[in-house]
Amino acid sequence: MAKPSAKGRQAIQGIYAAEGVPVEYRFAHARSGNRHLTVVFANLFAPDDYGWATGVLDSLRSNILWIRDKFDGANTYYLCRGMDFSVERSVIGLINNVTRSLGLTPDDVTLWGSSKGGSAALYFGLKYGFRNIVASVPQLAIGSFVRDVYPEVGRHMLGDSMADGEVAVLDALLPDLLRSGTNPDAHLYLVSSPQDEQYPTQVEPFLGLLQRYPNFNFIFSESPFITDHGKVTQRNTPPLLGIAYLLVEGIAPRLGTTRHGYEEPDADRAGIDGFLASTSVVQETFAAPVVLEPPAGSLVPANRVRIGGRAPGAVRVSIWENGAYLASAPVGQDGSWAWQREEPFAVGDHVLRLFAVDPQGYQSPRADVEFTAGHQVAAARVSPPVIHRPQAQQQLPATSVTFSGTAEGAVQIGFRVNDTPLGVCAVAADGTWFWDSGYTWPEGTHVVEVVAVDGADAVSQPCYVPFVTVNVPARTAPSRY
């Protein structure tokens, strides 16, 4: 599914799950056939855990891969959960697959990030041999930082105890790479400031190691307008983007021009298109949600629009109208879901677009529900019935279909299918009710609408119960059904 950034560049969403840990990403194709890839890591406060995804990079001509840092609901520095580094293996698997699918090499890639994202750019760039690394205000002693400054992140990465030994392991990751001289030809661009409260502990102690790299570039910003860690990147965004533009064009500022105009407008995109299709967030094999209410094209009171149905295998159903998000309806264990808007819909025709989401974040194809919202009506004085039997999607003998449940404040329960009445039953003094249709149902799936009626003939909102009948004998249902 393509999603525009703030400035309109189309980003394709996907989930890469081949390495065991699902990694969510967004990808934007290069402009003018540019043969470069920029990989973007997120900081701790990035919207939706995607870094630099608000349109600021839209003018870059390279391919752009944004990677989300949200694993089991929390940040990981793209490294680990409870010291399990399967997150790292999955993230580098995604980067390598995108790089190969584009027909590129690590020399054609720039890793980019600020703060936590800067740490990830340094780590993955050095360890896995990528040519260009742009890191703004990174943390190089990661373990101590998350333990002391962001303990919730620390517990997610280190484990609940945040033991000293585990902290030391994370603290050593980046310094050990620098001491070993890994990836000595990397072009390193690091931004920091004396006004950054993290500089004395997270950057300055490691400058000597960084300066051993012949292509290390240090942008040390002493602007009086920088007052804290977050302002460093904000103040230095123009020069950072300038560096990015040059790297995308094949120009490393410290070394001069190494390659320029690296474009191939007619490049074969079959590789990357195949990868994006295979990891698309929308999976055709995942069934779209089934809408049981309201019936398509029905007239519904504007203040009583209830949307509901079935979505087996999903954890929620996302509901949209005219490209705007309305709500997310949780899906029960039986696959049922429902949502009713608190405020009324505008009077007139409506088309809602829905999709189901599975536990890994994959989305189903879209389903639409069309209805007309009429004028508001007074609130019903009787609550919808509670249905105990049949359970949703239960298989029943065709000759033995019965219904039961409770209905507070009601005196009667009515049953119908597609506006055809099937029957009624009385509600007992204790609120329970039971109805036996008394005939054989055709074999297959049925959806029965059930309503409660009070003593003043006020009718509740309907409930819908889907079930399946099997083993149909000779006797059939009355012709009215």
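1. Tyr325 is a suitable place to begin: with a relative accessibility of 47%, Tyr325 counts as partly exposed. The model under discussion is predicted, and the values in this note are to be read accordingly.

2. The ring partner of Tyr325 is Trp320; the two ring centres are 5.5 Å apart and the planes stand at 75°, so the pair is edge-to-face. Trp320 is partly exposed as well, its relative accessible area being 29%. In total, the structure holds 22 aromatic pairs. A pair of aromatic rings is described by the distance of the centres and the angle of the planes.

3. A second aromatic pair joins Phe403 and Trp441, with 6.4 Å from centre to centre and 45° between the planes, and this pair is tilted. Phe403 belongs to strand β22 (residues 402-406), while Trp441 is found in the loop between β25 (432-436) and β26 (444-453); the pair therefore ties together parts that lie 38 residues apart in sequence. Phe403 counts as buried, at 0% relative accessibility. Trp441 is also buried, with a relative accessible area of 0%.

4. The rings of Phe403 and Trp441 also belong to a cluster linked by ring pairs, in which Phe415, Trp433, Trp435, Tyr439 and Phe467 take part too.

5. Two arginine residues are placed over aromatic rings. The charged end of Arg26 sits over the ring of Tyr50, at 4.0 Å from the ring centre. Arg341 lies over the face of Phe345, and here the distance to the ring centre is 4.5 Å.

6. On the cysteines, the structure holds 0 disulfides. Cys80 counts as buried because its relative accessibility is 0%, the cut-off for this class being under 20%. Cys425 is buried too, with a relative accessible area of 9%.

7. An open sheet of 3 strands follows the order β12-β14-β17, and its pairing is antiparallel. β12 (290-293) and β17 (336-340) stand at the edges; each has a single partner strand, so one side of each is left without a neighbour in the sheet. On average, and with direction ignored, neighbouring strands of this sheet are turned by 30° against each other.

8. Within this sheet, strand β14 (residues 306-310) pairs with β17 in the antiparallel sense over 5 bridges. Gly308 stands opposite Ala338 in β17. Strands of a sheet pair through backbone hydrogen bonds, either parallel or antiparallel.

Note on methods. Residues are numbered from 1 along each chain as its sequence is written. This is a predicted model: local features need pLDDT of at least 70, side-chain atom pairs count only at pLDDT 80 or more; totals for chains, interfaces and linings use all residues. Side-chain values use heavy atoms; hydrogens and water are left out. A disulfide is a pair of cysteine sulfur atoms within 2.5 Å. Buried means under 20% relative accessible area, exposed over 50%, partly exposed in between (1.4 Å probe, protein chains only). Rings of Phe, Tyr and Trp (its six-membered ring) pair if their centres lie within 6.5 Å; planes under 30 degrees apart count as stacked, over 60 as edge-to-face and the rest as tilted. Helices (H or I, at least four residues) and strands (E, at least two) are DSSP runs, numbered from the N terminus. A charge sits over a ring if NZ of Lys or CZ of Arg is within 6 Å of the ring centre and within 35 degrees of the ring normal. Two strands pair if DSSP finds at least two bridges between them. Axes are lines fitted to C-alpha atoms, for helices over the stretch in contact, and angles run from 0 to 180 degrees between N-to-C directions.
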